[in-house]
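Biologist: I'm new to this one. Can you walk me through it?
Modeller: Sure, have a look here first.
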Amino acid sequence: MDASSRFRKEVKCKCPFCHEDSKPNKQRKYYLSLNSKDQVFKCWFCGEKGGVFRFISLLEHVDEKDIVQRYRKRNIIHPAEQLNRNQRHLLRQSLGGGSDPDWRRMRERDMAYYKRSLEWLWREWNAFIEHEKQQAYFWLLLGIKTWKYEKYVEHIRQREKQIEVPLLQYVCTMYSLAERPTWTNEVEESVDRMLTEIQMSEMNELRLKGG
């Protein structure tokens with residue numbers, strides 16, 4: 001474990017799946033991120049990712065369904081049940097709207113369907129948060145490249161409050177990495193394209209006014 005990240009919401013560790021950061025020349029590398037709040041993990045080298053059940057299944061070489069059943073018997077709350085009404089509302093908006101189902105009634109009527117719905121909800125939420133992190137990284141780069149860092153950092157902080165998930169620390173960590181994941185390059189290219197288009201548009205306006 002990276003000692004400097006021990007008390008943070010996202011802890012950096014050696015990846016037990018690809019072992020890439022355990023090689024002699026990568027003693028200071030930690031490719032695996034463990035997010036204790038969202039209960040998800042991801043290796044930024046091999047790309048292995050998922051939730052708590054997926055993590056345990058990979059470590060123990062056991063089918064994920066068996067892990068789920070094991071912990072269901074212990075009455076452990078599914079992480080999706082911890083999402084509050086506001087978070088579920090934001091997720092529904094991102095998916096095109098709709099109303100929140102009566103989860104308690106669903107659980108009482110059909111437990112199997114209830115569990116499948118929770119799994120679906122958690123997958124969609126993780127995808128939603130992944131998009132939010134990439135969007136926050138976009139704003140961070142835009143702030144750096146346009147010399148408006150404080151403005152866009154505040155924008156990220158406001159979004160953190162809305163979705164109730166930390167974003168700023170995560171994107172700053174990604175930006176500080178010597179070897180960044182591939183998606184950060186794609187976001188940076190997107191920022192550069194947008195800035196180039198703005199510059200070209202401004203130049204065309206000046207030409208029209210001057211002509």
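Modeller: One term up front: helices (H or I, at least four residues) and strands (E, at least two) are DSSP runs, numbered from the N terminus. Also, this is a predicted model, where local features need pLDDT of at least 70, side-chain atom pairs count only at pLDDT 80 or more, and totals for chains, interfaces and linings use all residues. Residues are numbered from 1 along each chain as its sequence is written, and side-chain values use heavy atoms, with hydrogens and water left out.

Biologist: OK, how many helices and strands does the protein have?
Modeller: There are eight helices and four strands. Going from the N terminus, the order is β-β-β-β-α-α-α-α-α-α-α-α.

Biologist: Let's zoom in on α3. What caps its N-terminal end?
Modeller: That's Asn84, with a side-chain oxygen 3.1 Å from the backbone nitrogen of Asn86.

Biologist: And just after α3, which residue takes a positive phi?
Modeller: Gly96, at about 110°.

Biologist: Which residues of α3 are buried?
Modeller: The helix covers residues 85-94, and Gln87, Arg88, Leu90, Leu91 and Arg92 are buried there. Buried means under 20% relative accessible area, using a 1.4 Å probe and protein chains only.

Biologist: What do those buried residues pack against?
Modeller: Three helices: α4 (103-109), α5 (111-145) and α6 (149-163).

Biologist: Switching to the whole protein, how much of it is buried?
Modeller: Buried residues make up 36% of the 211 residues.

Biologist: And what box do the C-alpha atoms fill?
Modeller: Roughly 75 × 50 × 25 Å, taken along the principal axes.

Definitions and conventions
Buried < 20%, exposed > 50% of the residue type's maximum accessible area, 1.4 Å probe, protein only. Contact = heavy atoms within 4.5 Å. Polar contact = N/O pair within 3.5 Å; in protein donor to acceptor, adjacent residues only side chain to side chain.
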